[in-house]
Amino acid sequence: MRSPSSDERGVALLEFALVVPTLLALILGIVDFGDRYKSAAMYNHYASVAARSMTIDNSAATAKTVAVG
């Protein structure tokens, strides 16, 4: 078994330094997208609940309370 030379270790370190930031940015982008998607879905749900409350009770104050709380 041959031990890797210092040149081969340097190449591996360079490849690692080039790949890790790209993968880290990709992973953080996926997490950020998921968080934004969750927030948009939550706001959509609250708007739907407020609209449903408005159609049932015909009271803007009740609809606002339902949407906020």
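Arg36 pairs up with Asp32 in a salt bridge, with the closest N and O atoms 3.1 Å apart. Keep in mind from the start that this is a predicted model. Search the whole structure and you find one salt bridge, so the Arg36–Asp32 pair is a good place to begin, given that a salt bridge here needs a Lys or Arg side-chain nitrogen within 4 Å of an Asp or Glu carboxyl oxygen. Both partners, Arg36 and Asp32, sit in helix 1, four residues apart, which is about one turn of the helix. How exposed are the two? Arg36 counts as exposed, at 58% relative accessibility, while Asp32 counts as partly exposed, at 36%.

**The overall picture**

Let's step back to the chain. It has two helices and zero strands. Helix 1 covers residues 6-57, helix 2 covers 60-68, and a loop lies between them.

What does the C-alpha trace span along its principal axes? The answer is about 80 × 20 × 15 Å. The radius of gyration tells a related story: the chain has 26 Å, whereas a compact globule of 69 residues would come out near 11 Å. Of those 69 residues, 4% count as buried. The chain exposes about 6,100 Å², and carbon and sulfur atoms supply 67% of that area.

A few C-alpha to C-alpha distances help to fix the layout:

| Residue pair | Separation in sequence | C-alpha distance |
|---|---|---|
| Asp7 and Met54 | 47 residues | 71 Å |
| Ala51 and Gly10 | 41 residues | 62 Å |
| Val68 and Leu28 | 40 residues | 30 Å |

Some context for the residues in that table. Asp7 has its place in helix 1 and is exposed, with a relative accessible area of 61%. Ala51 is found in helix 1 as well, but Ala51 is partly exposed, at 42%. Val68, on the other hand, belongs to helix 2 and counts as exposed at 68% relative accessibility.

**An aromatic pair on helix 1**

How many aromatic pairs does the count come to? Just one aromatic pair turns up. The rings are those of Phe33 and Tyr37, with centres 6.2 Å apart and planes at 25°, so the pair is stacked. The cut-offs behind that call are simple: centres have to lie within 6.5 Å, and planes under 30 degrees apart count as stacked.

Phe33 and Tyr37 are four residues apart in helix 1, and so are separated by about one helical turn. Are these two aromatics buried or exposed? Phe33 is exposed, with a relative accessible area of 59%, and Tyr37 is exposed too, at 57%. Both values clear the cut-off, because exposed means over 50% relative accessible area.

**A nonpolar patch**

Which residues make the nonpolar surface patch of about 610 Å²? They are Leu14, Leu18, Val19, Leu23, Leu26 and Ile30. Take Leu18 as one of them: it is found in helix 1, and at 58% relative accessibility Leu18 counts as exposed.

**Where the two helices meet the loop**

Now for the other end of helix 1. Ser53 lies in that helix, and Ser53 is buried, with a relative accessible area of 10%. That value earns the label because buried means under 20%. What does Ser53 touch, leaving aside its neighbours within four places in sequence? Ser53 is in contact with Asn58, Thr62, Ala63 and Val66.

Asn58, one of those contacts of Ser53, lies in the loop between helix 1 and helix 2. Asn58 is exposed, with a relative accessible area of 64%. There is also something to check in its backbone: phi of Asn58 is near 55°, a positive value in a residue other than glycine. As background, most residues other than glycine have a negative phi.

**Pulling it together**

To recap, the chain consists of two helices and zero strands, with 4% of its residues counted as buried. Helix 1 carries the salt-bridge partners Arg36 and Asp32, along with the aromatics Phe33 and Tyr37. Ser53, which is buried, has contacts that include Asn58 and Thr62.

Note on methods: Residues are numbered from 1 along each chain as its sequence is written. This is a predicted model: local features need pLDDT of at least 70, side-chain atom pairs count only at pLDDT 80 or more; totals for chains, interfaces and linings use all residues. Side-chain values use heavy atoms; hydrogens and water are left out. Rings of Phe, Tyr and Trp (its six-membered ring) pair if their centres lie within 6.5 Å; planes under 30 degrees apart count as stacked, over 60 as edge-to-face and the rest as tilted. Buried means under 20% relative accessible area, exposed over 50%, partly exposed in between (1.4 Å probe, protein chains only). Contact means heavy atoms within 4.5 Å. Patches are made of residues with over 30% relative accessible area and no salt bridge: like charges are joined within 9 Å, nonpolar side chains (Val, Leu, Ile, Met, Phe, Trp, Tyr) within 5 Å. Accessible areas come from the Shrake-Rupley method with a 1.4 Å probe; for residues, only the protein chains shown count as cover. The radius of gyration is taken over C-alpha atoms; the globule rule is 2.2 Å times the number of residues to the power 0.38.
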